[in-house]
Structures are given as structure tokens and as C-alpha cells.
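Student: I have a model open on my screen and would like to talk it through with you. Could we start with the empty space inside and then move on to the packing and the charges?

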Amino acid sequence: MKNILAFAGSNSSTSINHKLVTYIASELKDHDITVLPLANYQMPMYSEDEEKNGFPAMAMGLKQEIYEADALIISVNEHNGSWSAFFKNIVDWLSRLDRNFLEGKKVLLMSTAPGKRGGLSSLEYAKNVLPRFGAEIIESFSFPSFYENFSSESNRVTNETLSLGLKQVLSTFAHQI
């Protein structure tokens with residue numbers, strides 16, 4: 001049994017990426033999974049001047065949570081073709097605490113959005129950036145047209161093709177960790 005930390009890179013109270021993370025966490029069996037509402041980790045906007053005041057306790061706490069996990073499930077939201085300023089700020093603080101804050105972490109990386117690309121630009125950006133901090137991306141997927149393909153009421157994927165694809169991704173991730 002592995003200790004897995006799951007979170008979305010969004011601070012929205014209605015985050016569809018958080019809904020997706022929660023769903024995926026419920027589908028992985030035989031592991032200890034903590035779904036972390038990253039929106040609770042509010043930090044000042046990173047700057048060198050701000051860093052001179054010291055590191056936020058929230059950044060140090062999140063770094064410890066990541067350190068204690070064997071693997072991560074991360075869903076990145078998309079704002080204008082990249083991940084959100086909120087998530088960028090989190091990554092900036094964590095990387096200043098420890099450049100390799102993701103060292104040795106196996107990652108299932110995903111994204112979703114209301115549109116047909118499912119946050120694909122943000123996902124591709126994350127796939128290129130997170131390994132710089134030590135992450136090993138085991139699997140990744142983009143979940144398109146969230147509101148058309150997922151039922152929040154029944155907490156399930158309504159598109160059979162997507163559901164089968166997700167099962168394959170989860171199986172590969174579970175075997176690799």
C-alpha cells in the first residue's frame with residue numbers, strides 16, 4: 001500500500017479539476033490516498049522581496065506533505081493556455097524551499113476543462129516543467145468537455161470511451177508505483 005497525495009492546482013471553490021482528482025482518488029483501490037484541497041494553502045505572491053520575510057508556514061507544511069507521500073496525483077487547471085497563477089505561485093514557493101521538492105515522486109498528471117481540449121495546453125506545460133523539480137511523470141491524461149462527460153451528481157464518468165481510457169491509465173499508474 002502506497003501513500004498518495006492528490007490535489008488540483010486550482011483555488012476555485014467549484015474547481016472541476018478538484019472534482020476530477022476526488023473521483024480518480026476514489027477509483028484507486030488498495031492505497032492510502034489523501035485528497036488535499038490546495039485552495040487551503042494560501043500564500044503571498046512570490047517575490048525575492050517577500051522571500052526575505054521568510055517562507056510561509058503553508059509552503060513548509062505542503063512541502064512536508066509532499067515529502068511524506070510515495071506518489072502524487074495532480075490535476076492542473078488552465079488559464080489562458082497555462083496553469084493558473086495560483087498554482088504557479090505554489091510551485092514557486094516550493095521550489096525556493098527545495099529545488100528538488102518532487103524528487104523521487106511518481107506522478108499521475110491530468111487536466112480537465114469545459115472545452116474539447118480538456119486543459120491540454122496546461123497539461124503539456126506541466127509535463128515539461130514538473131520533471132525539472134524531480135517529478136517522474138508515470139501517466140498523464142486530458143479529460144475533455146468536463147460537463148458533458150462527467151456527472152457530479154452520480155460522481156462518475158458518463159462517456160464510456162473516456163471511462164475505459166481512465167481505467168487503463170489508473171491501472172498503469174497503480175502498477176508503476
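Student: How many cavities of 30 Å³ or more are there?

Tutor: This is a predicted model, and the count in it comes to 1 cavity of 30 Å³ or more. The volume of that largest cavity is about 60 Å³.

Student: Which residues line the largest cavity?

Tutor: The lining is made up of Phe7, Leu38, Leu62, Ile66, Ile74, Phe87, Ile90, Val91, Leu94, Phe101, Leu102 and Leu130. Sorted by class, that lining holds 12 nonpolar residues, with no polar and no charged ones.

Student: And which helix gives the largest share of that lining?

Tutor: The largest share comes from H4, with 4 residues, and both H3 and H4 supply at least two residues of the lining.

Student: What about the largest pocket, how much space lies in it?

Tutor: The largest pocket holds about 200 Å³ of space. It is lined by 14 residues, of which Ser10, Ser15, Ile16, Asn17 and Asn77 are the closest to its centre. By class, the lining of the largest pocket divides into 9 polar, 4 nonpolar and 1 charged, whereas the lining of the largest cavity has no polar and no charged residues.

Student: OK, on to packing. Which residues touch the most other members of the largest nonpolar core?

Tutor: Those are Leu62, Leu72 and Ile74, in a core of 31 residues. At least two residues of this core come from each of strand E1 (3–8), H3, strand E3 (71–76), H4, E4 and H5, and H4 gives the most, with 6 residues. As general background, nonpolar side chains tend to be buried together in soluble globular proteins.

Student: Take leucine 72 then, what is it in contact with beyond its neighbours within four places in sequence?

Tutor: Leaving those neighbours aside, leucine 72 is in contact with Ile4, Leu5, Phe7, Ile66, Leu102, Lys105, Lys106, Val107, Leu108 and Phe173. Apart from the core that leucine 72 belongs to, there is another core, of 25 residues, which includes Leu20, Ile73, Ile138 and Val157.

Student: Changing topic, how many salt bridges are there?

Tutor: The count comes to 6 salt bridges. One of them joins lysine 52 to aspartate 49, with the closest N and O atoms 4.0 Å apart, and both of these residues are exposed.

Student: Which residue does aspartate 98 form a salt bridge with?

Tutor: Its partner is lysine 63, and here the closest N and O atoms are 4.0 Å apart. Aspartate 98 lies in the loop between helix H4 (85–97) and strand E4 (106–112), while lysine 63 lies in helix H3 (residues 57–68), so the pair ties together parts that are 35 residues apart in sequence.

Student: Are those two buried or partly exposed?

Tutor: Aspartate 98 has a relative accessibility of 28%, so it counts as partly exposed. Lysine 63 is also partly exposed, because its relative accessible area is 24%, and a residue would have to be under 20% to count as buried.

Student: And where do glutamate 124 and lysine 127 lie?

Tutor: Both lie in helix H5 (residues 120–129), where they are 3 residues apart, about one turn of the helix. Glutamate 124 forms a salt bridge with lysine 127, the closest N and O atoms being 3.5 Å apart. Glutamate 124 is partly exposed at 35% relative accessibility, and lysine 127 is partly exposed at 31%.

Student: Last thing, the backbone. What is the phi of aspartate 30?

Tutor: Aspartate 30 has a positive phi of about 65°, although it is not a glycine. Most residues other than glycine have a negative phi. Aspartate 30 sits in the loop between helix H1 (16–27) and strand E2 (32–36), and at 64% relative accessibility it counts as exposed.

Student: What about serine 145, is that one buried or exposed?

Tutor: Serine 145 is buried, with a relative accessible area of 6%. Its phi is near 45°, a positive value in a residue other than glycine, and its place is in the loop between strand E5 (136–143) and helix H6 (146–149).

How values were computed:
Residues are numbered from 1 along each chain as its sequence is written. This is a predicted model: local features need pLDDT of at least 70, side-chain atom pairs count only at pLDDT 80 or more; totals for chains, interfaces and linings use all residues. Side-chain values use heavy atoms; hydrogens and water are left out. On a 1 Å grid over the protein atoms alone, a cavity is a set of points where a 1.4 Å probe fits but cannot get out, and a pocket is an open set with protein on both sides within 12 Å along at least five of seven lines; lining residues have an atom within 4 Å of a point. Grid points are joined across faces, edges and corners, and a volume is the space filled by probe spheres set on the points. Ala, Val, Leu, Ile, Met, Phe, Trp, Tyr, Cys and Pro count as nonpolar, Asp, Glu, Lys and Arg as charged, and the others, Gly among them, as polar. A salt bridge is a side-chain nitrogen of Lys or Arg within 4 Å of a carboxyl oxygen of Asp or Glu. Buried means under 20% relative accessible area, exposed over 50%, partly exposed in between (1.4 Å probe, protein chains only). A nonpolar core is a set of buried Ala, Val, Leu, Ile, Met, Phe, Trp, Tyr and Cys residues joined through side-chain atoms within 4.5 Å. Contact means heavy atoms within 4.5 Å.
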